[in-house]
Each structure stands twice: as C-alpha cells, then as structure tokens.
Amino acid sequence: MARNDGDSHKVLVERVFQLYGEISRLGSLKPSTNVDTLFSELVNLCKQPSNIDVRYLSNGEQEIRSHLIRLCAEAEGLLEKHFSARLGRQPFPLHHLGAFPYYNNYLKLARLEFETLRDAGVVAPKRVAFLGSGPLPLTSIVLALHHLPSTRFDNYDYDPAANAMARLLVAPHPEVAKRMVFHDAEVEKVTAELRQYDVVFLAALVGIEKADKERVLKHLRQHMAPGAALLLRSAQGARAFLYPVVEADELPGFHVLSVVHPKNEVINSVILARKRFNDPE
C-alpha cells in the first residue's frame, strides 16, 4: 500500500481529526442527535474508498487514532445498550431488529462471514463461540436465524449486565434461545472450553491496542483445538480509524485461509484462519 503522501490523504486525516476533536469534547457519548450526527459523518467519511495506510501515521497521529477508536468503542457500546433495552421491551424482540440503525450492515457482514466460512469448507459447524458478544449480539442472532440453523452459539462477554440484556432478546424465541448460551467471562479466562468449538469468532473491539490484541491471539493459539477455524475482524484504509487492524502475517500458529476487504458499507475486513495441527507454541 502506498505511503500517505498525497493531498487526498492529508485532507482525509485532517477531517477525521476535526471530527475526533468535536467528538472528544462531547459531554456524553450516549445516543443523541449530536452524537449520532458526528459518528454518522465519521463512518461515512471513513468508509469511502482510500488506500491510506495507518502504519505510516506519525506517532502523534497514532495516539489520536488510538483514542478515536476507544471513543468509537464506547459510543458503539452505549448505542447497543440503548437499542437492546428498547428491543427488550417488545414481546418478540427479534421481530424488530431493523430498528437498530446499523442492522443492514450486520446482515451483510454476517452473510460475508458465513460465505467466507462456507467457501473454505467450514459448513454447518456444530458449536461456535463468539468472544465479545455484548448486549446486542447481532452476529450470532443473524447467523442463527439465516445461515446456521442447527449450530449452537456460545457467547462470551465480561459484562454480566450485557449478557442479561442479550438473554432477554432471545428468550421469547425458543427456536433461537435453545441454541444461544451466554457466559460471563473475560476472553483470557476462557481456556479449556475453547477446545469445544469448530469456529471461534473474535469481535473487532476485543483487544483495541496492538499489545492487547496480540495477547488475546496468543491465548487463542494456546487453547483452541487444532484444526478449528478462527474468524476475526480487521480494517483497511480509512476504516482503520474506526477499528483496530490485524494483519494476516500477525497470526503465528494459524494458517490463513482467506482475507476479505469489503468495498461496500460493511466496515470490517474479515480474516479466516485455521489453528495449525503441528503448532510448536
């Protein structure tokens, strides 16, 4: 990828950092007209085609980018809590998922991840783990409803309150609830259980800083079953101002099967890898 020496890159970075300044001065990141407007503009800006490479940002720019990703993570968590609570008041919450403003993105992302698994020969897995599922576990729900009708989903989140909210969403839907389990646990405390899963999904915001992501990936390498699939999310170009980047060559102990960089409104890139059978660790 080219170095960031073009006028278009300079304009992009300046506008992203202007929005960062406005967002960082907000008194709260809870959903509101102002918050929604600023983050919508940021997302629309960053999803435009760009070959900017965030590795070439200056140290100061890297610090701003890191803080911006943390602000995005906080806002995303608050947005999910808001809509999970709203949906949870419905008699049948899963019939109203379209109320979430980014639901169509999740539909497309889940389809992309399902097709990536299918194309690599991972068909109808019996058990799947989703690490970092949150209060609105849309990936697991969409996959269970539309793509993996017999798979069991084990969802892990460190926040018991988030899991309680998620359980309320699926409880009125027995055909989904019987295949959807929620565990209160930090990723790095999930050990022997990881060997049960055919596929492990790692949420993009589990391990925001590079060192944290590396530690999580090392943990998965140590505890996943040989031959199991790891599906994780990354970001490319300007989308890397919104989410952490994982490179395909940063997965020791795994054989990378596929890397997909969407060009549509789906923000996250997808990396599919298989745990090696002969990993010396």
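**Salt bridges, helix packing and buried residues**

Asp53 is buried, with a relative accessible area of 6%. That value comes from a predicted model. The partner of Asp53 is Arg55, and their side chains form a salt bridge with an N to O distance of 2.6 Å. Arg55 is exposed, at 54% relative accessibility. The bridge therefore joins a buried residue, Asp53, to an exposed residue, Arg55.

Side chains of opposite charge can pair when their charged atoms come close. In this model the count comes to 14 salt bridges. One of them joins Glu41 and Arg15, at 2.5 Å from N to O. Glu41 belongs to helix α2 (residues 33-46) and Arg15 to helix α1 (residues 7-24), so this pair ties together parts that are 26 residues apart in sequence. Glu41 is partly exposed, with a relative accessibility of 33%. Arg15 is also partly exposed, with a value of 25%. The pair does not stand alone. Arg15, Glu22 and Glu41 are linked in a network of salt bridges.

Another salt bridge forms between Arg70 and Glu209, with the closest N and O atoms 3.3 Å apart. This pair links distant parts of the chain, 139 residues apart. Arg70 sits in helix α3 (residues 59-88). Glu209 sits in the loop between β4 (199-202) and α8 (210-223). Arg70 is partly exposed, at 39% relative accessible area. Glu209 is partly exposed as well, at 28%.

Helix packing was examined next. Two packed helices are described by the angle between their axes and the distance between the axes. For α1 and α2, the angle is about 160° and the axes are 10 Å apart. Angles over 145 degrees count as roughly antiparallel, and α1 and α2 are therefore roughly antiparallel to each other. Their crossing is left-handed. On the α1 side, the contact involves Leu12, Arg15, Val16, Leu19, Glu22 and Ile23. On the α2 side, Leu38, Phe39, Glu41, Leu42, Leu45 and Cys46 take part. By class, this contact has 9 nonpolar, no polar and 3 charged residues. Arg15, Glu22 and Glu41 are among the contact residues, and these three also make up the salt-bridge network described above.

Helix α1 also packs against α3. The angle here is about 50°, with the axes 10 Å apart. That makes α1 oblique to α3. The crossing of α1 and α3 is left-handed. From α1, the contact draws on Val13, Val16, Phe17, Tyr20, Ile23 and Ser24. From α3, it draws on Glu61, Ile64, His67, Leu68 and Leu71. By class, there are 8 nonpolar, 2 polar and 1 charged residues in this contact. Val16 and Ile23 of α1 meet α3, and both also meet α2.

Three further residues were examined one by one. Glu113 is found in helix α4 (residues 103-119). Glu113 is buried, with a relative accessible area of 0%. Beyond residues up to four places away in sequence, Glu113 touches Thr139, Phe201, Leu231, Arg233 and Val270.

Leu272 lies in strand β7 (residues 269-275). Its relative accessibility is 0%, and Leu272 counts as buried. Residues up to four places away in sequence aside, Leu272 touches Thr116, Leu117, Ala120, Ala229, Leu230, Leu231, His255, Val256, Leu257 and Ser258. Leu231 is thus touched by Leu272 and by Glu113. From Leu272 to Leu220 there are 52 residues in sequence, and their C-alpha atoms are 14 Å apart in space.

His147 lies in a loop, between α5 (138-146) and β2 (152-157). This loop residue is buried, with a relative accessible area of 12%. Neighbours within four places in sequence aside, His147 is in contact with Ala110, Arg111, Phe114 and Val142. Glu115 is 32 residues from His147 along the chain, and their C-alpha atoms are separated by 9.3 Å.

Notes:
Residues numbered from 1 in each chain as written. Predicted model: local features only at pLDDT ≥ 70, side-chain atom pairs only at ≥ 80, totals over all residues. Heavy atoms only, no water. Helix = DSSP H or I, 4+ residues; strand = E, 2+ residues; numbered from the N terminus. Buried < 20%, exposed > 50% of the residue type's maximum accessible area, 1.4 Å probe, protein only. Contact = heavy atoms within 4.5 Å. Salt bridge = Lys/Arg side-chain N within 4 Å of Asp/Glu carboxyl O. Axes fitted to C-alpha atoms, helices over the stretch in contact; angles between N-to-C directions. Parallel < 35°, antiparallel > 145°, perpendicular 65-115°, else oblique. Left-handed = near helix turned anticlockwise from the far one by under 90°. Nonpolar A, V, L, I, M, F, W, Y, C, P; charged D, E, K, R; others polar.
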